[in-house]
Amino acid sequence: MIGHVKKLIMFASGMIFLVVLFSLFFYLYNQPNSQLARRDAAIIYRRALTNRLDSAYIYSGRPVNKSDYIHSIQINLGRNLVLSPSLTYKKIHYQRQAVLHDIAGKMYRLQFSKRPVSLGRILLNNTHTARVDYQVQKIDLGRILDHLISLSENDLTKAQRSPRLSNLSQSQIALLQYILISNNWRHYIATYNGKAPIVRSSFTMVFDPRKKRFVIDRKTLQLIQSSGVSDE
């Protein structure tokens, strides 16, 4: 009888030991480490700057998709301008919205192209958060657009010498200038020498034990994507 009780006690002790061991293993397995933090920081940062971050890395809200971004840029391009609804130039009929959409798409690619980036320190603490320091090259979209407009002035003057375009209204001239920018984008942008400075900043990631990865919220995503971006 005593021997049987001893066996039960030993068995129970063994089970308790296994439960404790398993719990400890599970706890340690689900703890973030510096290697995981650096891996996720690189994924989040680089994909955020190219607007390709998967929703699995966002715990609150959804990323703004490409079409919404382009639509927003398109609205800004047409703000405070009176543009003709359409215009025929070199036997091609152009619609205002199509022209603005094309330029907006090109501006989008400038913002989300591969700007020089680098990660700095990643500080991991015991509250399942990590601070990520980074740097990225600044891009001034407003200055770039001003450069494109300035370059188009000569072509605009030449175009208006054509008998068919000699009596355009101001709204038609404004649309024609955007048509020239859209058509000559590669030529114009190639002359832009924007040696922009490096911007340093940081963001915070939160470890999600269910996903076993670090994640950010939508506000942080927008902060990263707007780093060094100016449209003034």
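**Exercise 1. Helix α6: compare its length with the expected span, then decide whether the helix is enclosed or open.**

Step 1. Helix α6 covers residues 170-183, 14 residues in total. Helices (H or I, at least four residues) and strands (E, at least two) are DSSP runs, numbered from the N terminus. The model is predicted: local features need pLDDT of at least 70, side-chain atom pairs count only at pLDDT 80 or more, and totals for chains, interfaces and linings use all residues. Residues are numbered from 1 along each chain as its sequence is written, and side-chain values use heavy atoms, with hydrogens and water left out.

Step 2. The expected span of a helix is 1.5 Å times one less than its number of residues. For α6 that gives 20 Å, and the distance from first to last C-alpha is 20 Å, close to the expected value.

Step 3. Now use burial. Buried means under 20% relative accessible area, exposed over 50%, partly exposed in between (1.4 Å probe, protein chains only). Eleven of the 14 residues of α6 are buried, so the helix is largely enclosed by the rest of the structure. Among them are Ile173, Leu176, Tyr178 and Ile181.

Step 4. Look at Asn183, also in α6. Its relative accessibility is 42%, so Asn183 counts as partly exposed. The C-alpha atoms of Asn183 and Ile103 are separated by 9.4 Å, with their positions 80 residues apart along the chain.

Step 5. Add a neighbouring contact. Glu153 belongs to helix α5. It is partly exposed, at 37% relative accessible area. The C-alpha atoms of Glu153 and Leu180 are 9.3 Å apart, and the two residues are 27 apart along the chain.

**Exercise 2. Repeat the span check for α4 and list its buried residues.**

Step 1. At 1.5 Å a residue, the 16 residues of α4 should span 22 Å; the end C-alpha atoms are 23 Å apart, which agrees.

Step 2. The buried residues of α4 include Val99, Leu100, Ile103, Met107 and Leu110. Lys106 and Gln111 are buried too.

**Exercise 3. Describe the largest pocket: volume, lining and chemistry.**

Step 1. Fix the terms. On a 1 Å grid over the protein atoms alone, a pocket is an open set of points with protein on both sides within 12 Å along at least five of seven lines; a cavity is a set of points where a 1.4 Å probe fits but cannot get out; lining residues have an atom within 4 Å of a point. Grid points are joined across faces, edges and corners, and a volume is the space filled by probe spheres set on the points.

Step 2. The largest pocket has a volume of about 470 Å³.

Step 3. Its lining has 18 residues, and Ile73, Asn76, Leu141, Ser230 and Asp231 lie nearest the centre. At least two lining residues come from each of α3 (66-78), α4 (96-111), α5 (141-159) and β9 (229-230).

Step 4. Sort by class. Ala, Val, Leu, Ile, Met, Phe, Trp, Tyr, Cys and Pro count as nonpolar, Asp, Glu, Lys and Arg as charged, and the others, Gly among them, as polar. The lining has eight nonpolar, seven polar and three charged residues.

**Exercise 4. Classify the ring contacts.**

Step 1. Rings of Phe, Tyr and Trp (its six-membered ring) pair if their centres lie within 6.5 Å; planes under 30 degrees apart count as stacked, over 60 as edge-to-face and the rest as tilted. The count comes to seven aromatic pairs.

Step 2. Tyr69 and Phe112 have ring centres 5.0 Å apart and planes at 70°, so the pair is edge-to-face. It links distant parts of the chain: Tyr69 sits in α3, Phe112 in the loop between α4 and β4 (117-124), 43 residues apart. Both are buried.

Step 3. Phe207 and Phe214 are also edge-to-face, at 5.4 Å centre to centre and 65° between the planes. Phe207 is buried at 6% relative accessibility, and Phe214 at 0%.

Step 4. Tyr45, Tyr134 and Phe203 are linked by ring pairs into a cluster.

**Exercise 5. Find the residues other than glycine with positive phi, and state their burial.**

Step 1. Most residues other than glycine have a negative phi.

Step 2. Asn51 has phi near 55°. It lies in the loop between α2 (34-49) and β1 (58-60), and is buried at 16%.

Step 3. Lys91 has phi near 65°. It lies in the loop between β2 (86-89) and β3 (92-95), and is exposed at 73%.
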